[in-house]
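Student: Please take one part of this model and look at it closely. Then place it in its surroundings.

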Amino acid sequence: MPFIFIMKLRDALQNVDYDELVKLYEDVSKGSEHVKKLVSKKLDELENSAKSCAVCGKPIFFGDGAYTLIFGNDDFKKKANLCAVDCLDFFVKHLKKLEEKKATFGIKNEPYVEK
Ligand SMILES: [Zn+2]
């Protein structure tokens, strides 16, 4: 188990009082049925909090072969969720066209520096 996770779990347990901690310990000792249900429910929530494809708008569910493209500069990162390789391709071509337009009009991607 990663150290950072253990630290988060320890922090979460700071808000649990003694009686609740005893119940949690009993549950964990008996195979963690309640903890399993709780973790399973949270996983469902996260997996079903659908994001939509930046190109076609189709809902994207975690783990269904979708892509996430992170781009931009260090000061302003952008993120695009894409449902399939076709949408990824379309999106990259769109970015390429934008770059070409920027080049045509002399717009640079350099960060703004106040003089
Ligand atoms: Zn799509």
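**The hairpin and its surroundings**

Tutor: Start with one rung: Leu-69 has Ala-80 as its bridge partner in β4. Numbering starts at 1 in each chain and follows the sequence as written. The model is predicted, so local features need pLDDT of at least 70 and side-chain atom pairs count only at pLDDT 80 or more, while totals for chains, interfaces and linings use all residues.

A second rung links Tyr-67 to Leu-82 in β4. Both belong to a strand pair (at least two DSSP bridges between the strands). Strand β3 covers residues 67-73, and strand β4 covers residues 76-82. The two run antiparallel, joined by 7 bridges. With 2 residues between them, β3 and β4 make a hairpin.

How many of the 7 residues of β3 are buried? The number is 0, so β3 lies largely in the open. Buried here means 20 or more other C-beta atoms within 10 Å of the residue's own; exposed means 12 or fewer, partly exposed lies in between, and C-beta atoms are placed from the backbone.

Leu-82 leads from the hairpin to the core. The largest nonpolar core has 6 residues, and Leu-82 is one of them. The others are Cys-53, Ala-54, Ile-60, Cys-83 and Cys-87. Such a core is a set of buried Ala, Val, Leu, Ile, Met, Phe, Trp, Tyr and Cys residues joined through C-beta atoms within 7 Å. In soluble globular proteins, nonpolar side chains tend to be buried together.

Cys-87 shows how this site is wired. Leaving out neighbours within four places in sequence, Cys-87 contacts Leu-82, Cys-53, Val-55 and Cys-56. A contact means C-beta atoms, placed from the backbone, within 7 Å.

Helix α4 spans residues 85-104. Of its 20 residues, 1 is buried, so α4 also lies largely in the open. Its expected span is 28 Å, at 1.5 Å times one less than the number of residues. The end C-alpha atoms of α4 are 28 Å apart, which agrees. Just after α4, Gly-106 has a positive phi of about 70°.

Now the wider chain. It has 4 helices and 4 strands, in the order α-α-α-β-β-β-β-α from the N terminus. These are DSSP runs numbered from the N terminus: helices are H or I with at least four residues, strands are E with at least two. Of the 115 residues, 5% count as buried. Among contacts with a separation of 6 or more, 32% join residues 24 or more positions apart.

Helix α2 can be checked like α4. Its 12 residues should span 16 Å, and its end C-alpha atoms are 16 Å apart, which agrees. The number buried in α2 is 0, so α2 lies largely in the open. In the loop between α1 and α2 sits Val-16. Val-16 has 12 C-beta neighbours inside 10 Å and so counts as exposed. Beyond residues up to four places away, Val-16 touches Leu-21 and Leu-24.

After α2 comes Gly-31, with a positive phi near 105°. Ser-32, in the loop between α2 and α3, has a positive phi near 65° although it is not glycine. Most residues other than glycine have a negative phi. Ser-32 counts as partly exposed, with 13 C-beta neighbours inside 10 Å.

Last, confidence. pLDDT is the predictor's confidence in each residue, from 0 to 100. The chain mean is 84, and 87% of residues reach 70 or more. Among the elements, α2 has the highest mean (92) and α3 the lowest (82).

Key. Contact = placed C-beta atoms within 7 Å.
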